[in-house]
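Thanks, everyone, for making the time this morning. I would like to walk you through one model, beginning with its ligand and then turning to a single residue in a loop.

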Amino acid sequence: MTSRIEKVDVIVCSPSRNFVTIKVTTSDGLVGWGDATLNGRELAVASYLQDHVAPLLIGLDPDRIEDIWQFLYRGVYWRRGPVTMAAIGGVDLALWDVKGKSVNRPVYQLLGGAVREKILTYTHTVGWDIPALKDALDVNLARGFKALRVQSGVPGLDSVYGVTQGVGGYEPATRGAYPKLEMWDSGKYLRHVPKVIEAAREHVGPDIELLHDAHHRLTPIQAAQLGKSLEPFGLFWLEDVTPGENQEALKLIREHSTIPLAIGEVFNTIWDFKDLIINQQLDYVRCSVMHAGGISHARRIFDLAALYGIKFGPHGPSDISPITMSASLHVDLSTPNLGIQEFMGYDPLVSEVFHSSYTLKDGYLHPGDNPGLGVEFDEKAAAKFPYAPAYLPYARSLDGTVTDW
Ligand code: CS2
Ligand code: MG
C-alpha cells in the first residue's frame, strides 16, 4: 500500500541560535527531518509552514518528492522569495530523508552515487588585527583545513561584521529584540583588506586556498578595485562584493579583474541565477541547498552552472542547521561541478539537539552512510532551548546613512 504523509510538525528551537525544523511522519512509521531556518525571520517561515503548507501535505504520497515540489512552487500564486523557498526547501529535505530511510540508503546514493571520495571544505578564520589573524590561521591549519576564509577588523572601525575582537568564533545573529548597529566605511576597508590578504598568503604559503567575503557592501567600481588589488594573492574566490539585486554590476567587475567571483547566498531560485550563469558573470554559485528550494531545485541550478564551467560552493554558516549541512554534503558528493563546501561549524549545544552522521577529517567532509540525510533531531533536547529573538546587525556609514547588507 502506498505510504501517506500523516503528520507534519514545525519545531523552532534555540540551542545557542534559532533553528526551524520540520518533522514529516508517514503512515508506515517513517520520520523525515527538514531544516527551514531563515536567520532573523524564523517565525515567518514557521508560520508559512504551519499555517499554509502543513495542511496541504497531509495524505500525500511522500515518495512523490518532485510532484510535491511542483505543487508547492508552481501551484501557488506567490512564488519565490526567501520565506517561501526556505519553507519549500525544508519540506523537500524532509521528504528526501524519508525516501532514503524507506529504501535504507543514504541520499547521495539516490542522487546517482559518489563522484568523489571526500568534499573539500573551507572554514572561517577571523582576527581583529593581523597578528590575531595569523594565530587563527594556525589554529585552523592545525585542524587540517586546506581552505580558509579570511576576515579581519578594519583600523578606525569599532566593529566589523563577522569578526570577533577576542578569541573564538562568532555567531552572525545577536540575541535581543533589536538588531545591533555597526558603523561601516568602505574606504577604510578597501585600503586595509589587501594588506590582510597579503599577510595571510605570506603566512600560509601557496598551497592553502584563501577566500574572502565582502558581504555585499561595495559599489560596482569599488568591487572592481578590490578584485584588482587582491589578484596577486591567488584567492579561491571573492564573495558577495556587491548587493545581489544588481546583477549587471558583476559585468563591470569582470571587465577589470580576473578574480573568481562567488555570489548567491541570498538568491533562492534558478531564475535568480539564470542570467548570471548564461552570461558567465560568476564563477561559483553560492546558494544554500535549503534556501534554494531544497535538493530538488538546487541541483538544477548547479546543473545549469555546469554547462558553462561554473562550479558551486554551498552556503554553510551556523545559521542553517546540520540537516541542511548534511543535505549539501549529499549533493556535493554526487554532483560533478562542486567547487568547495563552506563549514562554519556549530556551538557545542547544537549537537545536543541534532545528531549528525557527517564527518570532518583533514579539511574534507563526508555525509556518512546512514539512511536518509543522516541527521536525527532530538525533540526532548530541543524543548530545553525555546526560541529567542536574535538578529544580524545592520550598518550605517560614518555620516549615519544606512548601508547595504
Ligand atoms: C556569510 C554568512 O557564510 C557566509 O558566507 O555571509 O555568515 C551570512 O552572513 C549569514 O549566513 C547570514 O545569515
Ligand atoms: Mg557570505
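The largest pocket in this predicted model is the space that ligand 1 takes up. Around ligand 1 there are 15 residues, and those that come nearest are Asn 39, Tyr 161, Glu 265, Asp 319 and Glu 342. If you sort the residues of that shell by character, you find seven charged, four polar and four nonpolar.

Let me go through some of the contacts, taking the side chains one at a time. Asp 319, which I have just named among the nearest residues, places a polar side-chain atom 2.8 Å from an oxygen atom of ligand 1. For Asp 213, the distance between an N or O atom of the side chain and an oxygen atom of ligand 1 is 3.0 Å, and for the side chain of Arg 149 the corresponding value is 3.3 Å. As for how much of the ligand is covered, ligand 1 on its own has 340 Å² of accessible area, and the protein covers 93% of that.

Now to the loop residue. Which loop holds Asn 18? Asn 18 sits in the one that runs between strand 1, residues 5-13, and strand 2, residues 19-26. Is Asn 18 buried or exposed? Its relative accessible area is 1%, and since the cut-off for buried is under 20%, Asn 18 counts as buried. The side chain of Asn 18 makes a polar contact of 2.9 Å with the side chain of Ser 14, and a polar atom of the Asn 18 side chain also lies 2.6 Å from the backbone oxygen of Ala 388.

Note on methods:
Residues are numbered from 1 along each chain as its sequence is written. Chains are lettered from A and ligands numbered from 1 in the order in which they are written. This is a predicted model: local features need pLDDT of at least 70, side-chain atom pairs count only at pLDDT 80 or more; totals for chains, interfaces and linings use all residues. Side-chain values use heavy atoms; hydrogens and water are left out. A residue is near a molecule or strand if one of its heavy atoms lies within 4 Å of it. A polar contact is a pair of N or O atoms within 3.5 Å; within protein, one must be able to donate a hydrogen and the other to accept it, and residues adjacent in sequence count only if both atoms are side-chain atoms. Accessible areas come from the Shrake-Rupley method with a 1.4 Å probe; for residues, only the protein chains shown count as cover. On a 1 Å grid over the protein atoms alone, a cavity is a set of points where a 1.4 Å probe fits but cannot get out, and a pocket is an open set with protein on both sides within 12 Å along at least five of seven lines; lining residues have an atom within 4 Å of a point. A molecule sits in a cavity or pocket if more than half of its atoms lie within 2 Å of its grid points. Ala, Val, Leu, Ile, Met, Phe, Trp, Tyr, Cys and Pro count as nonpolar, Asp, Glu, Lys and Arg as charged, and the others, Gly among them, as polar. Helices (H or I, at least four residues) and strands (E, at least two) are DSSP runs, numbered from the N terminus. Buried means under 20% relative accessible area, exposed over 50%, partly exposed in between (1.4 Å probe, protein chains only).
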